[in-house]
Amino acid sequence: MSTVRAAGLTKRFGTVDAVRELDFKVTPGITAFLGPNGAGKTTTLRMLLGLIRPTFGTATIDGKRYAELRHPRRVVGAVLEATGFHPGRTARRHLEILAVAGGLPLARVDQVLDQVGLTDAARRRAGGFSLGMRQRLGLAGALLGDPGVLILDEPANGLDPAGMAWLRGLLRGFAGQGRTVIVSSHVLAEVAQTADRAVVISGGRLRYCGPLEGMSEDGLEAGFLRLTEEAQR
């Protein structure tokens, strides 16, 4: 069972506290990471992945900071942006390079291409991909190490309704194997169909951590608006 934890997590840029004393724990299942624009979501995810150093506090995965993980790609897969592909490389070549760099078996490349529905596009150059296809390729890279944790920032961007339904099924299947998913999203209707729990931040502070249905008796949107509006008062 993989666990993601923030303890007193704080990030200060100059005199601005982007994130202040976050304390939350994410366990297996699908957890929606919610908040308005500028709430500190991306900063928090980047600290979890060791891309930004916290000013105070800790961000750990299975009890270790990302930099302390012996085989990080086997522990956590992440997509923060649907970019980072060389436009002249094919989807397969891009994944082969990631596999070699991560010490992962090349056999995983065809497996993840099939898993994300890109087998027929494997020999196409990533520069010609639509946003939805780039999202799928990013997800394929995150899945290469068969990790216990997935961290995804707006993974439904660019997906059509069929693609969103496919993503929902993939994430549910991943979580159904006892793994942990953190999904940052603004699409509350999709969150309501996918997630089990929610972590809500606003103004850099934690506003809620618990079951999705516990946010509000009036529905997810009403609960989200109430929590974030209270933070702005």
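Across the whole structure, a search turns up 3 cavities of 30 Å³ or more. Keep in mind as you look around that this is a predicted model.

**Stop 1: the largest cavity**

Select Leu171, Val183, Ser185, Glu190 and Thr194. Of the 14 residues that line the largest cavity, these lie nearest its centre. The volume here is about 130 Å³. Now colour strand S3 (29-34), helix H6 (161-176) and helix H7 (188-194), since each of them supplies at least two residues of the lining. Which element gives the largest share of this lining? That would be H6, with 4 residues. By class, the lining divides into 10 nonpolar, 2 polar and 2 charged residues.

**Stop 2: the second largest cavity**

Next, pick out Val79, Gly132, Gln135, Arg136, Leu139, Leu152, Pro155, Leu159, Trp166 and Leu167, which line the second largest cavity. About 60 Å³ of space lies inside. H5 and H6 each supply at least two residues of this lining, and H5 has the largest share with 4. Sorted by class, you'll find 7 nonpolar, 2 polar and 1 charged residues around the second largest cavity.

**Stop 3: the largest pocket**

Time to move from cavities to pockets. The largest pocket has a volume of about 520 Å³. To land on the right spot, select Leu49, Arg73, Ala78, Val79 and Leu80, the closest to its centre among the 20 residues of the lining. Strand S5 (76-79), helix H3 (91-101) and helix H5 (131-143) are the elements that give two or more residues to this lining. The lining of the largest pocket has 11 nonpolar, 6 polar and 3 charged residues. You've met Val79 already, by the way: Val79 also lines the second largest cavity.

**Stop 4: the second largest pocket**

How much space lies in the second largest pocket? About 220 Å³. Select Gly50, Ile52, Arg53, Pro54 and Arg65, which of its 13 lining residues are the closest to the centre. Helix H1 (41-48) and strand S4 (56-61) each supply at least two residues here, and S4 brings the largest share, 3 residues. The classes come out as 8 nonpolar, 3 polar and 2 charged.

**Stop 5: the nonpolar cores**

Enough empty space; let's look at the packing. In soluble globular proteins, nonpolar side chains tend to be buried together. Here the largest nonpolar core has 49 residues, and Leu34, Leu95, Leu150, Leu171 and Met215 have the most contacts inside it. Zoom in on leucine 34: beyond its neighbours within four places in sequence, its contacts include Leu188, Val191, Val199, Ile201, Leu220 and Phe224. Then show Met47, Leu49, Val76 and Ile182, which are among the 25 residues of a second, separate core.

**Stop 6: threonine 10**

For the last stop, select threonine 10, in strand S1 (residues 4-13). Is threonine 10 buried or exposed? Its relative accessibility is 6%, so threonine 10 counts as buried, the cut-off being under 20%. Show arginine 20 too: that residue is 10 places further apart along the chain, with 4.5 Å separating the two C-alpha atoms. Not counting residues up to four places away in sequence, threonine 10 touches Val19, Arg20, Glu21, Met47, Pro54, Thr55 and Phe56. Finally, find the backbone nitrogen of glutamate 21, which lies 2.9 Å from a polar atom of the threonine 10 side chain.

Definitions and conventions:
Residues are numbered from 1 along each chain as its sequence is written. This is a predicted model: local features need pLDDT of at least 70, side-chain atom pairs count only at pLDDT 80 or more; totals for chains, interfaces and linings use all residues. Side-chain values use heavy atoms; hydrogens and water are left out. On a 1 Å grid over the protein atoms alone, a cavity is a set of points where a 1.4 Å probe fits but cannot get out, and a pocket is an open set with protein on both sides within 12 Å along at least five of seven lines; lining residues have an atom within 4 Å of a point. Grid points are joined across faces, edges and corners, and a volume is the space filled by probe spheres set on the points. Ala, Val, Leu, Ile, Met, Phe, Trp, Tyr, Cys and Pro count as nonpolar, Asp, Glu, Lys and Arg as charged, and the others, Gly among them, as polar. A nonpolar core is a set of buried Ala, Val, Leu, Ile, Met, Phe, Trp, Tyr and Cys residues joined through side-chain atoms within 4.5 Å. Buried means under 20% relative accessible area, exposed over 50%, partly exposed in between (1.4 Å probe, protein chains only). Contact means heavy atoms within 4.5 Å. A polar contact is a pair of N or O atoms within 3.5 Å; within protein, one must be able to donate a hydrogen and the other to accept it, and residues adjacent in sequence count only if both atoms are side-chain atoms.
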